[in-house]
Amino acid sequence: MQLEEINIEGKKIGTHEVSDKIFSLKPRKDLIQLVINWQLNNQRKKKGHTKSRGEVKGSRKKIVQQKGSGGARHGNITAPIFVGGGIAHGPRHRGETRLTKLNKKVKNLGLISALSSKALTKKLNIFDEPKFDSFKTKSFNNFLLKLETRSALIIHHDGVSEKFIKSMKNIPNTKRIKVLGANVYDIIKFEKILFTKEAIKNLEERLIKWKIKISLMT
């Protein structure tokens with residue numbers, strides 16, 4: 001499959017060959033949704049917190065005698081059975097996230113489906129990193145305006161220029177992440193996906209290597 005390569009002026013300067021096994025498969029919406037739900041679930045904090053019978057205010061004196069009253073046997077008014085008493089088995093917030101498990105195979109297949117979805121709709125491009133030193137935020141903002149996109153995700157490699165990284169800051173509706181952090185939620189959330197050459201090469205090699213490993217195991 002051929003992906004368009006664009007320069008800082010938003011013009012097409014060539015094409016980049018990528019694997020059909022990664023970027024031109026039929027997207028599976030069920031896997032994409034499953035991975036997105038897993039990501040969002042892990043980001044949420046446990047906010048609910050209830051008090052046990054040992055934490056609520058109230059007398060610890062035994063209400064009635066143990067036997068002979070004709071009623072049920074009770075300890076004190078902080079018991080969960082009474083109004084104003086503690087809560088039995090309620091949520092206890094300790095700051096942890098709601099961790100759920102998801103197989104690595106499902107995560108990678110969801111990522112491949114998300115990439116294929118963007119590539120097939122022409123929303124994924126290779127961005128030629130500018131080499132000059134006078135590259136500023138205004139220049140990158142003008143570049144995004146020329147693309148006529150509402151939002152953009154820039155996925156770059158580790159050795160990218162520091163000035164290039166700084167030029168992406170403080171621009172609304174944009175986000176920059178390293179290729180190792182490429183994820184389904186961000187790829188689907190943003191309208192335009194821009195890869196540097198090295199970034200897409202690294203991601204492609206990683207996913208192809210994983211697919212070969214899976215095929216050998218099965």
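Two strands count as paired here if DSSP finds at least two bridges between them. In this predicted model, strands E3 and E6 run parallel and are joined by four bridges. One of the residues involved is Asn-125, whose bridge partner in E6 is Leu-194.

That pairing sits within a bigger arrangement: six strands make up an open sheet with mixed pairing, in the order E2-E1-E3-E6-E4-E5. At the edges are E2 (12-17) and E5 (174-178), each of which pairs on one side only. On average, and ignoring direction, neighbouring strands of the sheet are turned by 30 degrees against each other.

Helices come next. H3 lies across E1 (2-6), E3 and E6, and runs at about 85 degrees to E3. Helix H4 (residues 137-147) also packs on the sheet, where it touches E1, E3, E4, E5 and E6. The direction of H4 makes about 130 degrees with that of E6.

As for the nonpolar interior, the largest core has 33 residues, and Phe-23, Leu-115, Ile-155 and Phe-195 have the most contacts inside it. Among the elements that each supply at least two residues of this core are helices H1 (20-23), H2 (29-43) and H7 (197-217), along with strands E3 (124-127), E4 (152-156) and E6 (192-196). The biggest giver is H3, with six residues. Setting aside neighbours within four places in sequence, Leu-115 is in contact with Ile-22, Phe-23, Leu-124, Ile-187, Phe-195, Leu-203 and Leu-207. There is also a second, separate core of 15 residues, and Ile-6, Phe-143, Leu-144 and Ile-165 are included in it.

Conventions: Residues are numbered from 1 along each chain as its sequence is written. This is a predicted model: local features need pLDDT of at least 70, side-chain atom pairs count only at pLDDT 80 or more; totals for chains, interfaces and linings use all residues. Side-chain values use heavy atoms; hydrogens and water are left out. A nonpolar core is a set of buried Ala, Val, Leu, Ile, Met, Phe, Trp, Tyr and Cys residues joined through side-chain atoms within 4.5 Å. Buried means under 20% relative accessible area, exposed over 50%, partly exposed in between (1.4 Å probe, protein chains only). Contact means heavy atoms within 4.5 Å. Axes are lines fitted to C-alpha atoms, for helices over the stretch in contact, and angles run from 0 to 180 degrees between N-to-C directions.
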